[in-house]
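Open the structure in your viewer and keep the selection panel at hand. The tour below goes from one selection to the next.

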Amino acid sequence: MTNPPARSPRLLLIATVVLVVAGVILLTVPHTPSAPATSAPPRTTAPTPYPSATAARGPAAQASVSAPATASAASTQSAGASALPPHGEGVAGDAVIQKSLENAWPADLAADEEQRLLAAGRGLLRADATGIGRAKWPAIFGSQGQAIAPAFSTARFRIQAAIARRDGSRDKAVVHLVWAAADRGGTYTDRRITDWYFTRTSTKGGSTWTPQPRT
């Protein structure tokens with residue numbers, strides 16, 4: 001038999017020492033981690049340029065939406081008021097007032113009925129304001145002994161505009177009058193407003209509009 005070389009254990013020892021030294025070196029050398037194979041970019045949320053639907057329904061948004069409508073309604077009313085003639089314009093401005101009444105309340109009565117109501121309404125207003133013609137309506141003004149003294153002069157009394165329209169039903173009507181007059185103290189005021197209400201009574205021969213006492 002051939003005996004193994006005597007230096008074999010020494011070679012094993014040297015190899016072990018070399019491996020140990022190599023391991024120590026590997027442990028002490030700084031380690032640089034490699035980047036992952038796939039790196040997804042961080043997910044970001046883009047800023048929203050407009051408020052969300054939920055925010056738009058908030059009270060502030062509703063107020064901002066309704067504001068233009070309110071401003072539009074206010075401007076329409078202001079425009080209508082500015083379209084009327086100034087106080088003291090005289091007879092020249094009456095046609096404008098009449099037209100504004102007709103535009104605001106479109107006609108809803110037969111022409112003959114409207115004319116009858118207008119004639120009665122004008123007569124009632126004149127009788128009430130100046131005392132002229134009160135005897136024609138004793139149910140409204142009472143007897144001559146009980147009549148209240150007129151509050152306005154006949155000299156400057158003028159009906160500026162008048163319309164007759166239905167008042168909620170076909171058997172009720174109202175005559176809307178705009179007028180001017182000077183009171184007993186001499187103060188002249190135009191564009192005064194008075195309403196006279198009527199009810200219709202139908203008979204075989206036709207119908208009659210009856211004025212209602214003022215309350």
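How many bridges join strand S2 to strand S3, and do they run parallel or antiparallel? Select residues 172-182 for S2 and residues 188-203 for S3: the two strands run antiparallel, and ten bridges join them. Keep in mind that this is a predicted model.

To check the register, pick His176, whose bridge partner in S3 is Asp195. Then move to the turn. S2 and S3 make a hairpin with five residues between them. One residue to label in this turn is Gly186, which has a positive phi of about 95°.

Next, add residues 206-211, which are strand S4. S4 pairs with S3 through six bridges, again in the antiparallel sense. Thr199 has Thr210 in S4 as its bridge partner. The hairpin formed by S3 and S4 has two residues between its strands.

In a regular strand, side chains alternate between the two faces of the sheet. Turn on side chains before the next stop.

The last stop is the second largest pocket, with a volume of about 200 Å³. Select Leu84, Ile97, Ser100, Leu101 and Val178: of the eleven residues in the lining, these are the closest to the pocket centre. Helix H4 (94-104), S2 and S3 are the elements that each give two or more residues to this lining. Which of them gives the most? H4 does, with four residues. Colour the lining by class to see seven nonpolar, three polar and one charged residues.

Note on methods. Residues numbered from 1 in each chain as written. Predicted model: local features only at pLDDT ≥ 70, side-chain atom pairs only at ≥ 80, totals over all residues. Heavy atoms only, no water. Pairing = 2+ DSSP bridges. 1 Å grid on protein atoms, 1.4 Å probe; cavity = no way out; pocket = protein on both sides within 12 Å on 5 of 7 lines; lining within 4 Å. Points joined across faces, edges and corners; volume = space filled by probe spheres on them. Nonpolar A, V, L, I, M, F, W, Y, C, P; charged D, E, K, R; others polar.
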